[in-house]
Amino acid sequence: MTKRDFLALEDWSPEEVEGLLRLAARIKRGEVTGGLEKKVLAMVFMDPSLRTRTSFETAMFLHGGHAVVLEPGKGSWSLETEPGAVMDRDTVEHIIDAARVLGRYADALGVRSFPRGSDWATARQDGIIRNFAKYCEKPVINLESARRHPCQALADAMTLREKLGETEGKRFVLTWAWHPKALPTAVAASAALAAAALGMEIVIARPPGYELDPDDTPLIRRLAQQSGGEFVHIIDDPDEATVGADAVYVKSWGSVKLYGQPKEEAALRAGLRDWRLTRDRVRSTRGGKGIVMHCLPVRRNVEIDDAVLDGPNSVVVDQAENRLHAQRALLLELIGEGVTLSEAKGA
């Protein structure tokens, strides 16, 4: 049987994503139990995690399986990631060997690796996650890479469906926010792709210089059109961005044009602290009731004001909870026994 990886949401058809969402809803209602008995998920975290690690460990436990967490350089060997490297320096084990061995021990492998190096043309290839997938014989799950965070996207889609009901044609605004660091574009692009898969009307708000990767905007547009939605336009005004929104997704990301140039990137963002979601901006959403989303962790009163995060429009905690249920569905589909997506279609 050919293995199935989960590296990017767009790798799965809209029908398959819909099946995962239906299964996740059934799981959340308590209708599905078990299915992962004697199954093992190995996770390699090359970068920190709170929700991803905890939700996957909990998911495996709830369905009778077991999770193993490895942090290279902190209890497991430091990993060499470059193909063809002459390993005469600090790294001890190559990801090729780690992937092959973990594929013999575990039923699935999760990997988190943020962008590395100073060249976006190289980082954007997602070489680390894709090499793990290439050399591991078991399904590989992207726990966030340079370009994608499909597990977050799945939970985002679940949350949008729960909170908005019918999503087709409703306005989804992805808005940039100031942050003291240049963060990856993975969550931002994946969130927009999730909304596009639900047939929503997509708006991206960002200051000049903070465009997404040049391949991502046309991909979001194409997926929206295929799903009955629309890519409306790109806005460079934080006040205009939220007008009429049904959902506002706040996320900072770094300038890919200035990737690897920290001083220049810092200078570009220096005057952009007004890009913050305030209560006044939330009032401009559709009827003042647009939901507010963020993947967490969030810099309070930097990205989003306390009054918004703790207010009635915020769904960030529900969104975080849905990481657990969406990933339970994903694990059952990839390595579980019992419920399948075909069975979930009628849920």
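1. Leu-296 sits in the loop that runs between E11 and H12. The model is a predicted one, and this loop is a good place to start reading it. Phi of Leu-296 is positive, about 65°, although the residue is not a glycine.

2. The next point concerns the peptide bond between Leu-296 and Pro-297, which is cis, with omega about 5°. Pro-297 also belongs to the loop between strand E11 (291–293) and helix H12 (306–309). Most residues other than glycine have a negative phi, and most peptide bonds are trans.

3. Asn-301 is another residue of the loop between E11 and H12. Its phi is near 65°, again a positive value in a residue other than glycine. Asn-301 counts as partly exposed because its relative accessibility is 41%, between the 20% and 50% limits.

4. The loop also bears on the largest pocket. Leu-296 and Pro-297 are among the lining residues nearest the centre of that pocket, together with Phe-114, Glu-144 and Leu-183. The lining has 25 residues in total, and the pocket holds about 610 Å³ of space. By class, the lining comprises 11 nonpolar, 8 charged and 6 polar residues.

5. Elsewhere in the chain, strand E8 (residues 201–205) pairs with strand E9 (residues 230–235) in the parallel sense, over 5 bridges. Ile-204 has Ile-234 of E9 as its bridge partner. With helix H8 (residues 216–226), E8 and E9 form a right-handed β-α-β unit.

Notes. Residues numbered from 1 in each chain as written. Predicted model: local features only at pLDDT ≥ 70, side-chain atom pairs only at ≥ 80, totals over all residues. Heavy atoms only, no water. Pairing = 2+ DSSP bridges. Helix = DSSP H or I, 4+ residues; strand = E, 2+ residues; numbered from the N terminus. Right-handed = clockwise from strand over helix to strand, strands pointing away. 1 Å grid on protein atoms, 1.4 Å probe; cavity = no way out; pocket = protein on both sides within 12 Å on 5 of 7 lines; lining within 4 Å. Points joined across faces, edges and corners; volume = space filled by probe spheres on them. Nonpolar A, V, L, I, M, F, W, Y, C, P; charged D, E, K, R; others polar. Buried < 20%, exposed > 50% of the residue type's maximum accessible area, 1.4 Å probe, protein only.
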